[in-house]
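Reader: I am new to this structure and would like a close look at a single part of it, explained slowly and with every term made clear. Please start from one residue and then carry on to the parts that help to place it.

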Amino acid sequence: MGADHHGPAKGLTRWLFTTNHKDIGSMYLWFSFAMFLLGGSFALVIRSELFQPGLQLVRPEFFNQMTTMHGLVMVFGAIMPAWVGLANWMVPLMIGAPDMALPRMNNWSFWILPFAFTMLSLTFFMDGGAPNFGWTFYAPLSTTYAPPSVTYFIFAVHLMGMSSIMGSINIIATIMNMRAPGMTYMKMPMFVWTWFITAFLLIAVMPVLAGAVTMMLFDIHFGTSFFSAAGGGDPVLFQHVFWFFGHPEVYIMILPAFGVVSEVLPTFSRKPLFGYSSMVYATASIAFLSFVVWAHHMYTVGMPIAGELFFMYATMLIAVPTGVKVFNWISTMFRGSMTFETPMLFAIAFIILFTIGGLSGVMLSLAPLDFQYQDTYFVVAHFHYVLVQGALFSIYCGVYYWLPKWTGHMYDETLAKTHFWMTFIGVNTAFFPMHFVGLAGMPRRIPDYSLQFADFNMLSSIGAFITGFSQLIFVVVLLKCIKGGKSATDQVWDGAQGLEWTVPSPAPYHTFTIPPQVR
């Protein structure tokens, strides 16, 4: 389909009809970067409004539209397609497959996305404006009181879900049926393992999200009362259905990050991954536990004490396999011959900052404490530490790591490190102060605030702008690398003499010796 009888397709036709996993992976990555810049610009509107107290830039209802669209675009448009892009590029290469198992479906699952997000973005120009009910779209706010554009939002969510399910089926089919001879499951690289498990999670939870938005659609247009107490429904039902999707979704965004970091650390530590099999089992346990903790987002709905206790203990339990992973990563680096190229910097920053996000997550898991933290900026700080310093940093980690493999050229290391340090300073300046204003009681999703929060908010806004403009450095690095630069060889990382381009994440069977010149 990607080529006719007269040779390979050229120009636009090549990209529209391509069935090549590398082309499709590249399109996913470019699309997700475009969505990242769009969602980031929404965040900068939010932070500009909060730069000082008092309403100054935008109307409160537009502020609510910004918070909603920022969350939706970042989660469904930036982070998830970036992971699918990395999977498309790397999974076939890592398991020795010629391509994905279902190449035409692969093409289709990508091309659905631009239409879905164009429709979502066009809601800004509709009567009543874009959705304004927060990215978690709680009913009845999103059904009874929603703008007319909510119907288009529901359709866009259905399309994203279709894309995710098709992509996941493709990844599972590829990994199960197309591994090279001799590559058993327990010899697969960690990135392949984490995506394999993630794909099952996606197939399990995307239909739940589809069910939630379909019930919303029926409540709005067909007179049902799933979420309306007036007709015998229950608004809390919406939260149960949404978070049964939403909590595994958070792990869908972070599990592939664990895989990338498990690939990068062995390369720059120059020794194999510590505890490969325990990493696989830890990933599987995290995935399983993610299904039984959804109501820790709902401690304040008035559930029985027994329910609170169950969700509290189950949530705290997730810290155990996560701790196993962090221990294994640190042990991988221990006494290794480490060098600190850009991918390694992103990987180490990921471990430190994701752990901070994990610790604030354990705080939020405690029901009596969560009553205080609920709907404050402490929650915002927590999930941004997990998803920005977690998922986003590891996406950058993977992109820098594999960029020489993709383009054949080495990127500009100095510019790349500048990008890392500017982003590192920016995100921590933006999100760390939110812990303090949250603990002091500043509510999230509100366009104005009391005077005592002014200094920390100004700091957060400055950090957000540093972060935003640092991403332009990444654009320069990327374009320079694609156009040319030092040729990438199989020993692209300086000081890795005598090692393959990547150390396989399952420990090889031979004795692994480090050449004397590296030691």
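Author: A residue is called buried when its relative accessible area is under 20%, exposed when it is over 50%, and partly exposed in between, with a 1.4 Å probe and protein chains only. By this rule Ser394 is buried, because its relative accessibility is 0%. The model is a predicted one, in which local features need pLDDT of at least 70 and side-chain atom pairs count only at pLDDT 80 or more, while totals for chains, interfaces and linings use all residues. Residues are numbered from 1 along each chain as its sequence is written, and side-chain values use heavy atoms, with hydrogens and water left out.

Ser394 belongs to helix H12, where helices (H or I, at least four residues) and strands (E, at least two) are DSSP runs numbered from the N terminus. When residues up to four places away in sequence are not counted, Ser394 touches Trp83, Ala257, Val260, Val261 and Phe350, a contact being heavy atoms within 4.5 Å. Between the C-alpha atoms of Ser394 and Pro189 there are 16 Å, although 205 residues separate the two along the chain.

A second residue with a value of 0% is Thr332, which is therefore also counted as buried. Thr332 sits in helix H9, which covers residues 305-333, and, leaving aside its neighbours within four places in sequence, Thr332 is in contact with Leu265, Pro266, Ser269, Lys271, Pro272, Leu273 and Phe274.

From Ser394 one can follow the chain back to the loop between helix H11 (367-373) and helix H12 (377-407), where Asp375 is found. The phi of Asp375 is near 60 degrees, a positive value in a residue other than glycine. Most residues other than glycine have a negative phi, and most peptide bonds are trans. Asp375 counts as partly exposed because its relative accessible area is 39%.

Asp375 also takes part in a salt bridge with Arg444, with 3.0 Å between the closest N and O atoms; the term stands for a side-chain nitrogen of Lys or Arg within 4 Å of a carboxyl oxygen of Asp or Glu. This pair links distant parts of the chain, since Arg444 lies in the loop between H13 and H14, Asp375 lies in the loop between H11 and H12, and the two are 69 residues apart. On the Arg444 side the relative accessibility is 17%, so Arg444 counts as buried. Arg445 is in the loop between H13 and H14, and its phi, near 60 degrees, is again positive in a residue other than glycine. Arg445 is partly exposed, because its relative accessible area is 28%.

A search of the whole structure finds 4 salt bridges. Among them is the pair of Asp23 and Arg14, whose closest N and O atoms are 2.8 Å apart; here Asp23 is buried at 9%, whereas Arg14 is partly exposed at 33%. Another joins Glu61 to Arg59 with a closest N and O separation of 2.9 Å; Glu61 is partly exposed at 38%, and Arg59 is exposed at 53%.

The loop that holds Arg445 follows H13, and H13 packs with H10 at an angle of about 10 degrees, with 10 Å between their axes. Axes are lines fitted to C-alpha atoms, for helices over the stretch in contact, and angles run from 0 to 180 degrees between N-to-C directions. H10 and H13 are therefore roughly parallel to each other, since angles under 35 degrees count as roughly parallel, over 145 as roughly antiparallel, 65 to 115 as roughly perpendicular and the rest as oblique. In this packing, residues of H10 including Phe346, Ala349 and Leu353 meet residues of H13 including Phe420, Trp421 and Phe424.

On the surface, Ile352, Ile356, Phe432, Phe436, Phe456 and Leu459 make a nonpolar patch of about 500 Å². Helix H10 (342-365), helix H13 (413-439) and helix H14 (454-483) are the elements that give two or more residues to it. Patches are made of residues with over 30% relative accessible area and no salt bridge, like charges being joined within 9 Å and nonpolar side chains (Val, Leu, Ile, Met, Phe, Trp, Tyr) within 5 Å; the areas come from the Shrake-Rupley method with a 1.4 Å probe, and for residues only the protein chains shown count as cover. Phe436, which is in helix H13, counts as partly exposed because its relative accessibility is 39%.
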